[in-house]
Amino acid sequence: MDVLVQASPPNSPKSHLYSPSALKTKKNIETIQEQQNPQASAESPVINMSNDSISVQEDQKSRTNKRYIFLLVVNYLFLFAGSISSSLLSKFYFNHQGSSRWVSTWVQSAGFPLLLFPIYLPFYVFKCTDRRPFTLFTPKLLILSILIGLMLGLNNLLFSWGNSYLPVSTSSLLLSSQLVFNLILSVIIVKQKITFQNFNCVILLTLSSVLLGLGSSHDRSQGLTRAKYFIGFLSTLGAGLLFALYLPVMEKIYKKIYCYEMVMEMQLVMEIAATALATMGMASAGGFSEMKRESQVKFDRGARVYWVTVFANVVTWQLCFMGTAGMVFLTSSLTGGICMTALLAMNVVGGVLVYGDEFGGVKAVSTVLCGWGFCSYVYGMYLKMREEKEIENKNQGMEMAHNAVAPNNIV
């Protein structure tokens, strides 16, 4: 069985990791090559690959998979460390008389200069790519990145508002509802197929959020009124909804992006836009002079601990968003949401261990339902991968049989 491919341009990038969704069809492969070098792509002939060439392609695919797994692990570690640490540090800020929600919002995106490292180091230091930073970064992509960045800034504000009122364990469990929204919006935006495992996960996580909302209203800080508690409750749900919208929108955009460096470039522009929004909010609330006054007067652990907390929040939030963007690019928006949901149980445990949050029967049941839904989805993914592997092996067997019979039919 012959395979038709475009000959690779002679100056194509050496180590770009292509999005898995962008390699499904020959049309997408040709589009990617035209983006890399339009002239070379236009001049390159279509060739027939022999069986030897196929084996070489499989070896190259194997090496690509190694880079894929490496980046996948690194991004999940960033997501793991960033999600847990940022959640606990944000609560530490509010627990010790930090009161500015704009400061809490600003630190979530102000670490965007850290993204310059994965953008510029591969080309200027490691010399592992021929693509200069921001090559093919079109005005349309710039506008999309700015608009999504503003939406992300609003999401950050809603998260800060909710986190200032709710215990870490409660807010973490509430954020698990973003997976429900994520599945629904993924069906609408990126045509995600609904399976029994998806549906089961939605039901379980919905029950988890409803139980939490009905049974944990007593679990609030001293001096927090019922009205403020439900403001925090609704703000956290709103943050989950916006983030659930963000994930499939980014997946749709990432289908037209062919390398990991471009993902980081988009993330840089989005974080700058979100930081600009938070900075304007801080300016309306007194500006950075308010941070100085808060560190010296309000924060009960002293100015040094205050600035260490702010700086650590900046770094950990950036790790969280870098990991999220990488996971969506390397897998899918739904899988990225699933991975984040898996970390919520760790946030709950962290809130109980570090801050002594109450962990009663309702939260225990909610956590079990959340874990059940996650395991259901993972099992469904395992069945799907196994089925695809069996089909691939069957097709390979048929191809080998065809190649073995074909010479006998030659006259």
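At what angle do the axes of helix H12 and helix H13 cross? This is a predicted model, and the answer comes from its helix axes. Helix H12 covers residues 288-298, and helix H13 covers residues 303-330. Their axes come within 7 Å and cross at roughly 130 degrees. An angle between 115 and 145 degrees counts as oblique. That makes H12 oblique to H13. The crossing has a hand as well: H12 passes H13 in a right-handed crossing.

Which residues meet there? From H12 come Met291, Lys292, Glu294 and Ser295. From H13 come Ala303, Tyr306, Trp307 and Val310. Sort the residues of this contact by class, and five are nonpolar, one is polar and two are charged.

Now step back along the chain to another pair. Helix H10 spans residues 226-254, and helix H11 spans residues 260-284. The axes of H10 and H11 come within 12 Å and cross at roughly 135 degrees. H10 and H11 are therefore oblique to each other. The crossing of this pair is right-handed. On the H10 side, the contact is made by Tyr246, Met250, Ile253 and Tyr254. On the H11 side, Val263, Met266, Gln267 and Met270 take part. By class, the contact of H10 with H11 has seven nonpolar residues, one polar residue and no charged ones.

Helix H11 leads to the next stop. How many salt bridges does a search of the whole structure find? The search finds one. Arg131 and Glu265 form it, and their closest N and O atoms are 3.0 Å apart. A salt bridge needs such atoms within 4 Å, so this pair qualifies. Where do the partners sit? Arg131 lies in the loop between helix H5 (116-124) and helix H6 (139-165). Glu265 belongs to helix H11. The two are 134 residues apart, and the pair links distant parts of the chain. Are Arg131 and Glu265 buried or exposed? Both are buried.

Finish with a loop residue. Lys191 lies between helix H8 (178-189) and helix H9 (196-215). Its relative accessible area is 64%. Anything over 50% counts as exposed, so Lys191 is exposed. Lys191 and Lys252 are 61 residues apart along the chain. In space, their C-alpha atoms are separated by 10.0 Å. Lys252 falls within the span of helix H10, residues 226-254, which brings the tour back to a helix already met.

Key: Residues are numbered from 1 along each chain as its sequence is written. This is a predicted model: local features need pLDDT of at least 70, side-chain atom pairs count only at pLDDT 80 or more; totals for chains, interfaces and linings use all residues. Side-chain values use heavy atoms; hydrogens and water are left out. Axes are lines fitted to C-alpha atoms, for helices over the stretch in contact, and angles run from 0 to 180 degrees between N-to-C directions. Helices (H or I, at least four residues) and strands (E, at least two) are DSSP runs, numbered from the N terminus. Angles under 35 degrees count as roughly parallel, over 145 as roughly antiparallel, 65 to 115 as roughly perpendicular and the rest as oblique. A crossing is left-handed if the near helix is turned anticlockwise from the far one by less than a right angle, and right-handed if clockwise. Contact means heavy atoms within 4.5 Å. Ala, Val, Leu, Ile, Met, Phe, Trp, Tyr, Cys and Pro count as nonpolar, Asp, Glu, Lys and Arg as charged, and the others, Gly among them, as polar. Buried means under 20% relative accessible area, exposed over 50%, partly exposed in between (1.4 Å probe, protein chains only). A salt bridge is a side-chain nitrogen of Lys or Arg within 4 Å of a carboxyl oxygen of Asp or Glu.
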